[in-house]
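Visitor: I'd like a close look at one charged side chain and whatever it hooks up with. Could you walk me through it, and then show me around a bit?

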Amino acid sequence: MSFSFSNLKARRSAAAACGLTVLLLSGCAVNTSVVDPLKMSAQSADSPVVLSITSNTKDIYGFNMIKLRRVVAGEQRSDFKLVSENLVMKKVESAMAGDTSLFIGALPPGEYEFIELIDTRANKLLRVYSTIVGSFKIEAGKSADLGRLIVTRGNFGVQYGRSAQVASNAELIRRFAPDYSAMFGAAAGLGWSTPRHARDDVEQFARAHPAGAECAIEMPDGRVAAASRMGAVLIRSTQGLWNIINAQTVESLSCVLPVDLPNAELIAVGESGSLLRKARDSDKLLPIDAGNLPPGNLLRIGGNPNDGWYLMHRKGDELNIFHANQLDAGDWRSVYHTTVPGSWLHGPGLFWTWQDAGRIGYALESGLIGEFDYRTGKLTERFSPHKKNLTQFTHQANGTESVLVAAGLAGRFPDAYVSRDRGQNWTTIVSPFKVLMSPVAPLSDGRLLMQAGMYNEGALLVSSDEGKTWGPYAPYALRGAPSIFPSGLALNIMEDFNGIVSIYSSMDNARTWKLEHSNQDLLSIMQQLKQ
């Protein structure tokens with residue numbers, strides 16, 4: 001079964017309208033927070049329960065609240081019920097930024113079912129129907145580990161179900177909430193009252209349709225690799241065919257790095273400290289021993305066997321760059337630390353990362369740009385043009401950087417700049433448009449491409465004089481500037497607010513485009529029929 005995310009604003013308005021109306025007749029309900037097991041009194045009869053949720057969609061930040069209800073003994077089972085009390089569980093580890101959330105609470109003995117999964121930052125909620133997920137039972141004196149729920153965009157809406165890959169949260173608790181580890185040892189029960197539903201194929205669908213293609217990079221042999229959700233790496237053949245390789249875990253991956261190692265041609269990193277390798281002629285992603293790396297989310301990996309390896313690591317608002325001489329079972333030491341923007345209320349601030357053959361770097365919304373040199377082991381910092389706030393930032397492997405900066409004056413739109421020397425010097429882009437949709441993109445021959453403005457017919461313009469003058473180049477019906485790779489291949493990876501990912505390619509310097517990959521079967525079929 002498939003459903004859509006609902007907007008919380010409408011639900012909040014309805015709740016406000018309840019007033020003093022009788023609860024059971026109106027359908028309004030009292031919200032009661034679930035007790036934190038660490039704060040239970042010694043006399044409490046409540047038992048701990050843990051659940052994690054992984055979302056395979058970009059239109060939420062990650063669920064941070066769950067509503068559930070207690071099932072009344074002997075009641076008639078149905079999808080819709082009037083509830084007098086909602087029990088609310090909140091995310092226990094706010095530093096777990098990403099698509100996976102961890103919830104721990106303590107409940108009195110009894111049977112329960114989920115009502116809603118909520119992301120307050122994205123203002124979205126998902127209604128849960130018990131016939132799909134099922135109910136769970138809390139027994140006195142026995143903790144319950146419900147494993148993982150998976151939420152994904154399907155072909156016709158939002159789907160959810162139980163994970164077969166992640167039946168236990170013990171490792172997640174050990175890394176991100178160790179104070180609770182003693183509560184969920186080998187004696188923890190599975191909790192669920194029924195086995196997985198016969199129609200519950202949500203996890204299989206999500207792993208075959210991961211949402212996203214992050215950190216796309218061209219490999220030495222011309223293939224392209226990109227990180228995605230659901231523990232997936234997307235690999236494009238030189239013929240334009242995309243293959244999906246999944247790890248055993250379902251945590252989102254954030255970046256990939258081509259390497260030349262005896263046991264790996266590709267390294268992938270991601271949330272919850274995911275560190276994986278793909279060997280040549282293999283379709284498996286295998287775990288790498290992370291050594292003494294602390295808990296957190298891995299954003300980027302760079303380096304080489306001679307200079308050692310660098311991991312960009314984030315936990316909450318803390319950003320570290322860790323270095324180790326060896327990748328497997330490495331002795332990771334922080335060589336740089338800073339604080340990055342973002343809040344629990346509004347989600348992550350604007351923040352960009354990159355790596356290339358010689359450096360790993362980042363750019364903050366404030367305009368601060370930093371990069372760590374593998375060879376010298378030193379970090380250098382610089383600023384955006386005129387130290388203005390960044391609204392968009394791109395970095396090319398050859399050192400070209402292109403940005404949009406906030407103009408800061410009422411009635412004006414972001415200004416564009418380009419740098420050919422890693423941000424040491426910036427050249428102003430003289431745009432014929434008031435509105436620029438994205439930074440300019442450099443072609444392999446050095447010319448610059450600009451996407452036509454918001455209110456113009458779709459087109460790309462070209463400049464041969466570093467953005468001083470522009471002429472027509474080619475029609476362009478896609479959003480955002482294309483990414484141009486060293487071989488001349490151009491890709492446009494579009495992800496809309498519904499989590500639908502479409503990857504278009506061009507083999508003639510971004511003049512003509514074709515759809516190569518989508519994470520929605522129906523969309524692919526419709527697009528192919530139009531061509």
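At 5% relative accessibility, does E371 count as buried or exposed?

Guide: E371 counts as buried, because its relative accessibility is just 5%. The cut-offs are simple: buried is under 20% relative accessible area, exposed is over 50%, and partly exposed is in between, with a 1.4 Å probe and protein chains only.

Some ground rules before we go on. This is a predicted model, so local features need pLDDT of at least 70 and side-chain atom pairs count only at pLDDT 80 or more, while totals for chains, interfaces and linings use all residues. Residues are numbered from 1 along each chain as its sequence is written, and side-chain values use heavy atoms, leaving out hydrogens and water.

Now, the partner. E371 meets R359 in a salt bridge, 3.2 Å from N to O. That pair ties together parts 12 residues apart in sequence, because E371 sits in strand β28 (residues 368-373) and R359 in strand β27 (residues 359-364). R359 counts as partly exposed, at 24% relative accessibility. For the record, a salt bridge here is a side-chain nitrogen of Lys or Arg within 4 Å of a carboxyl oxygen of Asp or Glu. Strands (E, at least two residues) and helices (H or I, at least four) are DSSP runs, numbered from the N terminus.

Set beside that pair another one: E466 and R420 meet at 2.8 Å, N to O. They link distant parts of the chain, 46 residues apart: E466 is in the loop between β36 (459-463) and β37 (471-475), and R420 in the loop between β32 (415-419) and β33 (427-428). E466 is partly exposed at 25%, and R420 is partly exposed too, at 32%. Back to your residue: E371 belongs to one network of salt bridges that share partners, along with D356, R359, D373, R382, E401 and R422.

The whole structure has 23 salt bridges. One of them joins R148 and E251, with the closest N and O atoms 3.0 Å apart. R148 comes from strand β10 (residues 144-153), and E251 from the loop between β15 (242-246) and β16 (253-261), 103 residues away. Both R148 and E251 are buried.

Since we've just passed β16, follow it into its sheet. The order of this open, antiparallel four-stranded sheet is β16-β17-β18-β19. β16 and β19 (286-287) are at the edges with a single partner strand each, so one side of each has no neighbour in the sheet. Strands pair if DSSP finds at least two bridges between them; β16 and β17 (residues 264-270) have six, in the antiparallel sense. V256, for instance, has A268 in β17 as its bridge partner.

Another open sheet of four strands runs β20-β21-β22-β23, also with antiparallel pairing. Its edge strands are β20 (297-304) and β23 (333-339), which each pair on one side only. Six antiparallel bridges hold β22 (residues 318-324) alongside β23, and F322 stands opposite S334 in β23.

One last stop: four bridges join β40 (residues 501-506) to β41, running antiparallel. S505 stands opposite K514 there. β41 (residues 514-518) is mostly covered, with four of its five residues buried.
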